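Student: I would like to take a close look at one part of this protein, and then to see how that part fits into the rest of the chain. Could you go slowly and explain each term when it first comes up?

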Amino acid sequence: MALNLIMLGPPGAGKGTQAERFARENGIPKISTGDILREAFRAGTPLGLQAKAIMDRGELVSDDVMIGIVRERIDRADCIPGFILDGFPRTVAQAAALDAIMSGRDALTVVDIVVPEVELVRRLASRLICGSCGLNAEGNGAVSGTCQRCGGELKQRVDDSEGVVLERLKVYHRNTEPLIEYYRARPTFRSIDGTQPPDRVAAALAAAVRSVANQGSAA
Ligand code: AMP
């Protein structure tokens, strides 16, 4: 049975960090739509250049574009054993499109990472990523540094600046939070406490995924 997983949660909840680790430990690809857009910008493609302006304002790239990107990505052979999506779906229209894409495949496991707003603002203000390769580094209060993977310079994401963070949280509440209601009634929905240390969140995520899988095999 394929491990098809999506992660819900506000910006700063730890989706990227947890998805990265879960993907590595389970041998499935992590599909981060934010990373795909940032990579497209670094590569200078028209999509990347167009998306960059939208991302810098904290707004959402259009559903059609995002659905197209994810459909093409999930269709690749490396997703046969499963995948973990980080940052998609972000709207009910994207979730409905994903359901259509998933028809005939193993059910989605949906994990919502719950973190209160004050903690999110604090985390986003201290988050750093690599300007060259996009690695998501833990901020730990540092304002600069060097990437462990490629030696590039660590920087704050443009969209992690204070004004943009507030807009992203607003967009989250308006467009993405309704997904919790969209998925909540499914037997494959779980929520986990994202305020714990990262290792504990990872353990909670693994336990949530196991409980969904066990319930599937018991049915
Ligand atoms: P993230 O790295 O997931 O925080 O995404 C950064 C930015 O990329 C978001 O604020 C959006 O502008 C854009 N983005 C990423 N994923 C999506 C999506 N599924 N739908 C629309 N916009 C997205």
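In which loop, between which strand and which helix, does Thr 91 lie?

Tutor: Thr 91 sits in the loop that runs between strand β3 (82–86) and helix α5 (92–101), where helices (H or I, at least four residues) and strands (E, at least two) are DSSP runs numbered from the N terminus. Before going further, please keep in mind that this is a predicted model, in which local features need pLDDT of at least 70 and side-chain atom pairs count only at pLDDT 80 or more, while totals for chains, interfaces and linings use all residues. Residues are numbered from 1 along each chain as its sequence is written, and side-chain values use heavy atoms, with hydrogens and water left out.

With a relative accessibility of 10%, Thr 91 counts as buried; the word buried stands for under 20% relative accessible area, exposed for over 50%, and partly exposed for what falls in between (1.4 Å probe, protein chains only). If we leave aside its neighbours within four places in sequence, Thr 91 is in contact (heavy atoms within 4.5 Å) with Leu 60, Asp 63, Asn 175 and Leu 179. A polar atom of the Thr 91 side chain also lies 3.0 Å from the backbone nitrogen of Gln 94. That pair is a polar contact, meaning a pair of N or O atoms within 3.5 Å; within protein, one must be able to donate a hydrogen and the other to accept it, and residues adjacent in sequence count only if both atoms are side-chain atoms. The loop between β3 and α5 also holds Pro 89, and the peptide bond leading from Phe 88 to Pro 89 is cis, with omega near 0°.

Gln 94 takes us from this loop to the ligand, since a polar atom of the Gln 94 side chain lies 2.9 Å from a nitrogen atom of the ligand. Taken alone, the ligand exposes 480 Å², and the protein buries 95% of that, with accessible areas coming from the Shrake-Rupley method with a 1.4 Å probe and, for residues, only the protein chains shown counting as cover. Other residues reach the ligand as well: an N or O atom in the side chain of Thr 33 is 2.8 Å from a ligand nitrogen, and a polar backbone atom of Glu 59 is 2.5 Å from a ligand oxygen. There are 16 residues around the ligand, of which Thr 33, Arg 38, Glu 59, Gly 87 and Gln 94 come nearest; a residue is near a molecule if one of its heavy atoms lies within 4 Å of it. Helix α2 (residues 33–43) gives the most to this shell, with 4 residues. Sorted by class, the shell has 6 nonpolar, 4 polar and 6 charged residues, where Ala, Val, Leu, Ile, Met, Phe, Trp, Tyr, Cys and Pro count as nonpolar, Asp, Glu, Lys and Arg as charged, and the others, Gly among them, as polar.

Two other loops can be read in the same careful way. Gly 12 lies in the loop between β1 (3–8) and α1 (15–26), and with a relative accessible area of 12% Gly 12 is buried. Beyond its neighbours within four places in sequence, Gly 12 is in contact with Leu 120, Arg 123, Leu 124 and Arg 127. Gln 196 is found in the loop between β9 (189–193) and α9 (198–218), where the Gln 196 side chain reaches the backbone oxygen of Asp 193 at 2.7 Å.

Finally, consider the chain as a whole, which has 9 helices and 9 strands. Its radius of gyration, taken over C-alpha atoms, is 17 Å, close to the 17 Å that the globule rule (2.2 Å times the number of residues to the power 0.38) gives for 219 residues, so the chain is as compact as a globular protein of that length. Buried residues make up 45% of the 219 residues, and among contacts between residues at least 6 apart in sequence, 69% join residues at least 24 apart. One pair that is distant in sequence is Leu 166 and Gly 58, which are 108 residues apart along the chain and 8.5 Å apart in space, C-alpha to C-alpha. Leu 166 itself belongs to helix α7 (residues 162–176) and is partly exposed, with a relative accessible area of 48%.
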